[in-house]
Amino acid sequence: MKKYDFIIAGGGMAGLSLAYYLTSSALRDRSILILERDLKNRNDRTWCFWEKETGPFEPILFQKWDTALFYGPGYTGRLGMGGYRYKMLRGIDFYAFVEEHLAKFPNVERRQATINRIKDTPQGGFVIADDEPYLADYVFDSTFQLSLDQPERHNLLQHFKGWFVETERACFDPAIPTIMDFRAEQHGDCRFVYVLPFDTNRALVEFTLFNDRLLTEAEYEYALRHYLSQHVDTGAYQITDVETGVIPMSDVPTTELPSEHIIRIGTSGGYTKPSTGYTFNRSQRYLRELVDNLASREKPARDVSWFKRRFALYDSIFLNVLENHRYPADALFTRIYARNPGRVFRFLDEDTTLFEEIRLFATMPIGPFLKGLVDVLRRKIISR
Ligand SMILES: Cc1cc2nc3c(=O)[nH]c(=O)nc-3n(C[C@H](O)[C@H](O)[C@H](O)COP(=O)(O)OP(=O)(O)OC[C@H]3O[C@@H](n4cnc5c(N)ncnc54)[C@H](O)[C@@H]3O)c2cc1C
């Protein structure tokens, strides 16, 4: 059996990003096998993220914006972005771009196959896909399913349905997306609409919830129809495509390095930011770090300093406040975004200093967050 240097299990966002960074590094000549069950020839998702720099996928961005709108109780207006730009990348453009890049590397093989098993062995990481065995020094696994059922943890879901609409009237401002519009009925939950405009007549309008209960299709659709009729002067409109998704918002501990030859990446590796569900840019950052470590020290994991781990505590407290409805979610997000222009994006990227974090916390309702902190610590003690 041929032994590869690296097997990438799952050629989605994280797997293909990793292949891109490996082939852009000193490891570009290593043998790589990508195992993916799908063809990846559909626009199965849209990624948005904020960034100051010019990233590797800049040439294929579908849109980028210098500012964003926010609608919440007591604040409606543009958000200070602190120099960040909000960027949108379509899945299909990303898959095609990486495929074209990888085609230049004869040492990179791609197989369409369903992975049945991934196992560590003394010889290396071992994978069975469509009943064929494969072996590698390292297996990077983005197919592992997280189990989000630990009762002492917080297990919210970010779930959404979006319509790509084409409207009769020119009703969107293509220069400005709406990052959160809380004029949606809250029903004691966290519910908002997200609008990504492509031109005056075309946009992706997405109804999103942070809670622990998925809705029926009819409920998402009712909310979308209601939002468009109440807040956008569309005239007649056509739905040209639909996007749905469920992203874990959980502080269940994840393991990036479960054994010597297996490394979990992407959502499987815990790359999703628990308090926001944003995963794309965090994955880019983590994967670049991983490849740098591999190239310089043959060490497959990332280093996370103990001080950096404070952000995981902040995420847990925030989830606790949301999950226990300790403060209305629309008012909470309004405080965060409206009172922390620019800073909030750095905070969510985990790039703030402790001093900046204290300034951000000072804009939050103190009682609910203190109760959240106490409850998080209590749960940590119980789960020991
Ligand atoms: C609709 C949608 C929109 C999103 N929008 C955003 C956003 O705007 N911003 C953001 O930061 N994050 C967003 N996310 C969250 C996150 O960025 C994506 O889910 C991202 O694709 C996660 O990357 P991944 O590599 O972990 O998983 P995936 O991209 O899902 O890749 C995993 C791959 O593994 C393959 N696979 C799984 N099991 C097997 C198997 N047994 N055998 C073979 N192959 C297998 C799958 O086919 C898939 O291609 C969104 C998620 C969804 C679903």
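## The second largest pocket

The second largest pocket holds about 1,300 Å³ of space. Its closest residues to the centre, out of 50 that line it, are Gly 270, Arg 282, Tyr 286, Arg 302 and Glu 350. A pocket here is an open set of points on a 1 Å grid over the protein atoms alone, where a 1.4 Å probe fits, with protein on both sides within 12 Å along at least five of seven lines; lining residues have an atom within 4 Å of a point. Volume is the space filled by probe spheres set on those points, which are joined across faces, edges and corners.

A word on the ground rules: this is a predicted model, where local features need pLDDT of at least 70 and side-chain atom pairs count only at pLDDT 80 or more, while totals for chains, interfaces and linings use all residues. Residues are numbered from 1 along each chain as its sequence is written, and side-chain values use heavy atoms, leaving out hydrogens and water.

## What lines it

Helix H4 (280–297) gives the most to this lining, with seven residues. Strand E3 (46–51), strand E16 (237–250) and helix H5 (310–323) are among the elements that each supply at least two. Helices (H or I, at least four residues) and strands (E, at least two) are DSSP runs, numbered from the N terminus.

Domain 1 (3–66 + 80–147 + 252–297) and domain 3 (307–382) each provide at least three lining residues; the bounds come from an automatic or database domain assignment.

## Domain 1 against domain 2

Domain 2 covers 155–250, and its centre lies 28 Å from that of domain 1, taken over C-alpha atoms. In contact (heavy atoms within 4.5 Å) are 17 residues of domain 1 and 19 of domain 2. Trp 65, Val 252 and Pro 274 supply 33% of the area that domain 1 buries here, more than any other three residues; buried area is the accessible area (1.4 Å probe) that two parts lose on being put together, summed over both.

## Salt bridges

How many salt bridges cross the interface of domain 1 and domain 2? The rule (a side-chain nitrogen of Lys or Arg within 4 Å of a carboxyl oxygen of Asp or Glu) finds zero there.
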